[in-house]
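Visitor: I would like a close look at one part of this model, the charged pairs. Please carry on from there to whatever they lead to.

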Amino acid sequence: MFSRILTKSCSQHSATLVRTFCASAKRDSMKVAVLGASGGIGQPLALLLKNNPLISHLSLFDIVHTPGVAADLSHICTPAQVSGHMGTDELEACLTGSHVVVIPAGVPRKPGMTRDDLFNTNASIVRDLVDACAKYCPQSMICIISNPVNSTVPIAAEVLKQRGVYDQKRVFGVTTLDVVRANTFIAQAKDLDVAHVNVPVIGGHSGETIVPLISQASPQVSFPRDERAKMTERIQNAGTEVVEAKAGAGSATLSMAYAGAKFTGSLLDALNGREDVVECTFVRSDETECKYFATPIRLGKNGVNQNLGMGHMTDFEVSLLEKAIPELNKNIAKGEEWIKANPAQ
Ligand code: NAD
Ligand code: LMR
């Protein structure tokens, strides 16, 4: 098909096409795996990823229904080839050769639960899936959505260390939904075009560990003190807002799929050589006394390229940070202690 296009083109145009072809030839090898692909997040996330032209192979794993999800998606006329894998015996085929692995496997909250209440079920799910990544795609970028993110990311890191393949630049807790929400709520409150709003959200991904930096919003916005407090609380409790509205049917799935596809897309852009890609994400960090912490991160060909840090914070934001740190440290320690007592087999 490419040669047909070339023969129709003038030589000047051909040069452009050759460059385009080279760029796409380079891009053509990206394999992305989604683990937990049949779930509330997994299915819409896989749908959005199927539409990403940087992905040549979308590999879907779950313990149920993956053949059906894969068959359905495979009929969509976009370039990514789709494969479905079900059951642990198929993890090797799913993961081998993956450049990026996205993990939304695990149970969601019901009303009245905290994210930490999911720990007992999701800790071992994440441990075992990351262990499979260590075995079958040790160089991959691992993006963890499964809650409690504040604990599942440290668990993932310890499994990779246990297997001798840990690279702190390649493990990400996906906190993009907090930024997506902050952008949406602030654009609504200030009647701004949401496409041009960016609010960094730092810290962790649960209640008070979520620290929106409204003072660093772009474009700049200002709120009276009580409205700023209300806006901050809404961003911190937005997950619970969805859990309560779904009344027992789970937590955020569609907005999370959007956020997960946004983060994965940014990572793929960076892996392909784009140099201006920045996302807030929960990574190994020296920015605070917490071993893992979300800040704006410049992504690059090897994952984390540069931690852009917290920037200048107002007294109000510093007070939020002071509340976040003890809880976040507790969540991180819980994950690390659990994995010490329950190592991958
Ligand atoms: P869901 O129950 O709808 O889907 C989870 C899927 O995981 C199911 O298809 C299930 O079969 C699969 N699964 C379970 N054990 C597995 C295993 N060992 N291997 C592979 N797949 C397995 O739940 P959901 O609504 O998609 O939420 C998934 C997780 O994402 C929850 O822990 C939720 O709290 C979390 N979440 C995180 C964020 C975030 O911002 N990071 C946002 C929303 C939800
Ligand atoms: C969210 O922020 O929506 C997720 O972490 C899911 C939840 O339990 O709130």
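What relative accessibility does Asp128 have, and as what does Asp128 count?

Guide: Asp128 has 39% relative accessibility. Asp128 counts as partly exposed because 39% falls between the 20% and 50% cut-offs. Keep in mind that this is a predicted model. The partner of Asp128 is Arg127, and the two form a salt bridge. Their closest N and O atoms are 2.8 Å apart. Arg127 has a relative accessible area of 14%. That is under 20%, so Arg127 is buried. The bridge thus joins a partly exposed acid to a buried base.

Now widen the view. The whole structure holds 12 salt bridges. Another one joins Asp286 to Arg284, with 3.7 Å from N to O. Asp286 is exposed, because its relative accessible area of 69% is over 50%. Arg284, at 26%, counts as partly exposed.

A further bridge sits in helix 12, which runs over residues 315-341. There Glu327 pairs with Lys330, and the closest N and O atoms are 3.2 Å apart. The two residues are three apart in the helix, about one turn. Glu327 is partly exposed at 29%, while Lys330 is exposed at 54%. Charged side chains can also link up in a set. Asp269, Arg274 and Asp276 do this, forming a network of salt bridges.

Helix 12 also leads to the nonpolar interior. It supplies at least two residues of the largest nonpolar core. That core has 47 residues. Leu35, Leu95, Val101, Ile103, Val130 and Phe282 have the most contacts inside it. Other elements that supply at least two residues each include strand 1 (31-35), helix 5 (91-95), strand 4 (100-103) and helix 6 (119-136). Strand 5 (141-144), helix 7 (149-162) and strand 10 (292-300) do so as well. Domain 1 (26-175) gives residues to this core, and domain 2 (176-333) does too, so the core lies between them. A second core is separate and has 41 residues, among them Met30, Leu60, Val180 and Ala261.

Helix 7 also carries a polar residue to look at, Asn150. At 1% relative accessibility, Asn150 is buried, because that value is under 20%. Its side chain still has polar partners. It reaches the backbone nitrogen of His205 at 2.7 Å. It also makes a polar contact with the side chain of Thr209, at 3.2 Å.

His205 takes us on to ligand 2. A polar side-chain atom of His205 lies 2.6 Å from an oxygen atom of that ligand. Two arginines also approach ligand 2 through side-chain N or O atoms. For Arg109, the distance to a ligand oxygen is 2.6 Å. For Arg115, it is 2.8 Å. On its own, ligand 2 has 260 Å² of accessible area, and the protein covers 95% of that. The surrounding residues also include Asn147, Leu177, Arg181, Gly239, Ser251 and Ala252.

Asn147 is the link to the other ligand. Asn147 is listed around ligand 2, and it is also one of the closest residues to ligand 1. Its side chain places a polar atom 2.9 Å from an oxygen of ligand 1. Backbone atoms take part too. A backbone N or O atom of Ile41 lies 2.9 Å from a ligand 1 oxygen. For a polar backbone atom of Val107, the distance is 2.8 Å. Ligand 1 exposes 860 Å² when taken alone, and the protein buries 86% of that area. In total, 29 residues surround ligand 1, with Gly40 and Asp62 also among the closest.

One last stop is Ala189, in helix 8 (residues 176-190). Ala189 is partly exposed, because its relative accessible area of 45% is between the two cut-offs. Ala189 and Gly36 are 153 residues apart in sequence. Their C-alpha atoms are 35 Å apart in space.

Conventions
Residues are numbered from 1 along each chain as its sequence is written. Chains are lettered from A and ligands numbered from 1 in the order in which they are written. This is a predicted model: local features need pLDDT of at least 70, side-chain atom pairs count only at pLDDT 80 or more; totals for chains, interfaces and linings use all residues. Side-chain values use heavy atoms; hydrogens and water are left out. A salt bridge is a side-chain nitrogen of Lys or Arg within 4 Å of a carboxyl oxygen of Asp or Glu. Buried means under 20% relative accessible area, exposed over 50%, partly exposed in between (1.4 Å probe, protein chains only). Helices (H or I, at least four residues) and strands (E, at least two) are DSSP runs, numbered from the N terminus. A nonpolar core is a set of buried Ala, Val, Leu, Ile, Met, Phe, Trp, Tyr and Cys residues joined through side-chain atoms within 4.5 Å. Domain bounds come from an automatic or database domain assignment. A residue is near a molecule or strand if one of its heavy atoms lies within 4 Å of it. A polar contact is a pair of N or O atoms within 3.5 Å; within protein, one must be able to donate a hydrogen and the other to accept it, and residues adjacent in sequence count only if both atoms are side-chain atoms. Accessible areas come from the Shrake-Rupley method with a 1.4 Å probe; for residues, only the protein chains shown count as cover.
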